[in-house]
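Open the model in your viewer and keep the selection panel at hand. Each stop below names what to pick next.

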Amino acid sequence: MDFSYTAEDDAFRAELREWLDANLPEFMASGEIGDENNPDRRTMLRRQAWQRCLHGGRWAAINWPKAWGGREATVMQNTIYSEEMARAKTPGIYNANGLWQIGPMILRWGTEEQQQLWLPGILNADVHWCQGFTEPEAGSDLANLRTLAVLDGDEYVVTGRKIWISTAHLAKWGLFLVRTDPTAIERGVKHEGITALIIDMELPGIEVNVIRDITGGELFCEVNFDGARVPAAYRLGEENQGWNVAMGTLANERVGTSGLSVSMRIELDNLIATARKNNPEALDDPGIRDRIARLWTQLELTRLLNARALSKILKGEKNWPEVPLAKLQWSYLSQTIAELGVDILGATGVLARGGPDAVDKGHWSHNYVWQRYTSIGAGTTEVQKNIIADRAIKMPRR
Ligand SMILES: Cc1cc2nc3c(=O)[nH]c(=O)nc-3n(C[C@H](O)[C@H](O)[C@H](O)COP(=O)(O)OP(=O)(O)OC[C@H]3O[C@@H](n4cnc5c(N)ncnc54)[C@H](O)[C@@H]3O)c2cc1C
């Protein structure tokens, strides 16, 4: 790890800190938004308001061109951005998918007309977007997807089923991957024959069913297509080029884990502070003390791992195998902190959200189950281990 910040990087950090100091406290003090009885909806409305506030300061889409309200941020500035946002504990973003993955793809692959149609709504948080890739038989093996799109005149007729699509029930638009050449599967080239379509979620022939997750939240959906007619003008990139479009979006998803090591460190600090207040004797337990020390050490290791990946990128080298290793560290550590959270608080640690005695509004019990997602999202643990075994350790294949 050998890098230093340029004067521009320091100025970028200073400007962001100044903006956050001037705007975040006021936003946080502005209180709850929306229907008190629906926490998912309340969260989304708050995210929408926060994204609009960010956009007002030109801090929503830092990687977008300046002409589109962005800053054309460098890799280093992306790292600074994610660290500062984590440090300031900013709220989530309404169109995270749209700003970080779909928007950049529309900028890369979209026509001028498509850009004018979709980019303003993503930026201003006027409409919500979802990303529809996964199917019952196409998750880790995404190229196996079979939702069929058949060109009929100037429309694609779409039939099939997508699953685990986050917030599809709230979305006006979605970027979907569909199969336009089914023979590609039989020919053993399943990555070919896939097309990226942008779909209006209000079209006839689309049914969205919400799936309740382990936390009780309702943000996942199953999306069924039954002959939905999508204008061919809404295709992103060429027909059968969808894999290239998708790989661009997934590559964007894998950048910027450095903020996660900052937020996990803050989470551990918060946990120790809450234990001091709610169950201080737990901190005398040698087993708990050992777990805290191990976690702290692992978090520091992960921070350095991210820094090493960054210095490789800055030198034009491949950030390999640091990226899959950091992904594994993230899922392992966020789950380990979540488990410690419940153990350290004793019996009160499991009291759920909404109960009068729940510690920190039930954050720790919620976190205990929610963090399980980190071994699936952004590439499952087993698949990351396969990649490391195969390409980094070069273990023989059976
Ligand atoms: C919080 C969250 C949000 C999501 N949001 C979206 C979204 O908005 N849009 C979207 O399209 N999808 C979304 N997904 C779905 C996600 O992309 C898939 O869950 C993921 O790709 C894994 O696919 P799967 O669930 O079908 O599991 P599978 O791929 O079927 O895997 C099941 C198990 O088998 C293991 N496995 C699979 N292949 C191998 C192998 N070759 N070797 C060893 N083990 C293997 C996996 O590690 C896993 O443990 C989301 C998932 C989560 C958890």
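The tour goes from the domains to the ligand, then to three helix pairs.

**Before you start**

This is a predicted model: local features need pLDDT of at least 70, side-chain atom pairs count only at pLDDT 80 or more, and totals for chains, interfaces and linings use all residues. Residues are numbered from 1 along each chain as its sequence is written.

**Stop 1: the domains**

Colour by domain: domain 1 is 7-94, domain 2 is 129-245 and domain 3 is 254-392. These bounds come from an automatic or database domain assignment. Now show domain 1 and domain 3. Their centres, taken over C-alpha atoms, are 23 Å apart. Contact here requires C-beta atoms, placed from the backbone, within 7 Å. On that basis, 10 residues of domain 1 touch 10 residues of domain 3. The domain 1 side of this contact has four nonpolar, three polar and three charged residues. Ala, Val, Leu, Ile, Met, Phe, Trp, Tyr, Cys and Pro count as nonpolar, Asp, Glu, Lys and Arg as charged, and the others, Gly among them, as polar.

**Stop 2: the ligand**

Select the ligand and its shell (residues whose C-beta atom, placed from the backbone, lies within 6 Å of it). Which residues come nearest? Of the 17 around the ligand, they are Phe-133, Gly-139, Ser-140, Thr-380 and Glu-382. β1 (129-132), β3 (155-166) and α12 (381-392) are the elements giving two or more residues to the shell. Helices (H or I, at least four residues) and strands (E, at least two) are DSSP runs, numbered from the N terminus. By class, the shell has seven nonpolar, nine polar and one charged residues. Domain 2 and domain 3 both contribute to the shell, so the ligand lies between them.

**Stop 3: α10 and α12**

Keep α12 and add α10 (322-344). The axes of α10 and α12 are 10 Å apart, at an angle of about 150°. Therefore α10 is roughly antiparallel to α12. Axes are lines fitted to C-alpha atoms, for helices over the stretch in contact, and angles run from 0 to 180 degrees between N-to-C directions. Angles under 35 degrees count as roughly parallel, over 145 as roughly antiparallel, 65 to 115 as roughly perpendicular and the rest as oblique. Pick Pro-324, Leu-325, Lys-327, Leu-328 and Ser-331 in α10; they meet Thr-381, Gln-384, Ile-387 and Ile-388 in α12. This contact has five nonpolar, three polar and one charged residues.

**Stop 4: α10 and α11**

Swap α12 for α11 (363-370). The axes of α10 and α11 come within 8 Å and cross at roughly 140°. Select Ala-338, Glu-339, Gly-341 and Val-342 in α10, which meet Trp-364, Ser-365, Asn-367 and Tyr-368 in α11. Four of the contact residues are nonpolar, three polar and one charged.

**Stop 5: α1 and α3**

Finish with α1 (7-29) and α3 (75-88). Their axes come within 10 Å and cross at roughly 30°. Thus α1 and α3 are roughly parallel. On α1, pick Asp-9, Phe-12, Arg-13, Leu-16, Arg-17, Leu-20 and Leu-24. They meet Met-76, Gln-77, Ile-80, Tyr-81, Glu-84 and Ala-88 in α3. By class, this contact has eight nonpolar, one polar and four charged residues.

Note on methods
Contact = placed C-beta atoms within 7 Å.
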